[in-house]
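Terms in structural biology rest on cut-offs. How does a value earn its label?

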Amino acid sequence: MGAFVKKFVDNPAGVPAPPPGRYSHVSRVEIADTVTLTLAGQCAIGDDLSVVAPGDIVGQTDRVFEIIGILLAAHGATFADITSTRTYLTDMDDRAAYAETRAKYLPADALPPSTVVEVSRLFLPDVVVEVEVVAVRELDRA
């Protein structure tokens, strides 16, 4: 028998909503007993939609991973379920500070594959980091 596949997108409460009609925060795919979560790139945006810690890589990285944690938790996942990360920095010289801050969130014994690239700018002035993640966990069959 073929695997059952269920797909949907979500914008969980607890994080700033994306602009209407532009994108969703989370794509969830369930195949058999596995859930794969693909998160849109997250930036340091506050509840009031302003940039958090403008120009500050440490403050922005903390906010980005706070948002990622909320999105993962809304789907029963944790940082330990992350299987890959893709990071965009506006200044590669911030890579060490980014990595040090990121290390507070990701398990040291199971670091996921990671890509970090420098870009000329991100979607708002003063945003210096954007992070996309993919996470995989077992499907709860309660």
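The turns below set values from this model against the definitions of the terms.

Q: How do you know which features of this model may be described?
A: The model is predicted, and local features need pLDDT of at least 70, side-chain atom pairs count only at pLDDT 80 or more, while totals for chains, interfaces and linings use all residues. Residues are numbered from 1 along each chain as its sequence is written, and side-chain values use heavy atoms, with hydrogens and water left out.

Q: Why is Thr87 called buried?
A: Buried means under 20% relative accessible area, exposed over 50%, and partly exposed in between, with a 1.4 Å probe and protein chains only. Thr87 has a relative accessible area of 0%, so Thr87 is buried. Thr87 lies in strand 4, where a strand is a DSSP run of E of at least two residues and a helix a run of H or I of at least four, numbered from the N terminus.

Q: What makes the link between the side chains of Thr87 and Tyr98 a polar contact?
A: A polar contact is a pair of N or O atoms within 3.5 Å; within protein, one must be able to donate a hydrogen and the other to accept it, and residues adjacent in sequence count only if both atoms are side-chain atoms. The side chains of Thr87 and Tyr98 are joined at 2.7 Å.

Q: Why does His25 count as buried?
A: His25 has 4% relative accessibility, and therefore counts as buried. His25 sits in the loop between strand 1 (5-10) and strand 2.

Q: Which residues does Val129 contact, leaving aside neighbours within four places in sequence?
A: Contact means heavy atoms within 4.5 Å. The partners of Val129 include Gln42, Ile57, Val64, Thr87 and Tyr98. Val129 lies in strand 6 and is buried, because its relative accessible area is 0%.

Q: How do you know that the span of helix 1 agrees with the expected one?
A: The expected span is 1.5 Å times one less than the number of residues. Helix 1 (residues 57-73) has 17 residues and should span 24 Å; its end C-alpha atoms are 24 Å apart, so the span agrees.

Q: What does helix 1 pack against?
A: The buried residues of helix 1, among them Ile57, Val64 and Leu72, pack against strand 2 (26-31), strand 3 (34-42), strand 4 (82-89), helix 2 (95-102) and strand 6 (129-138).
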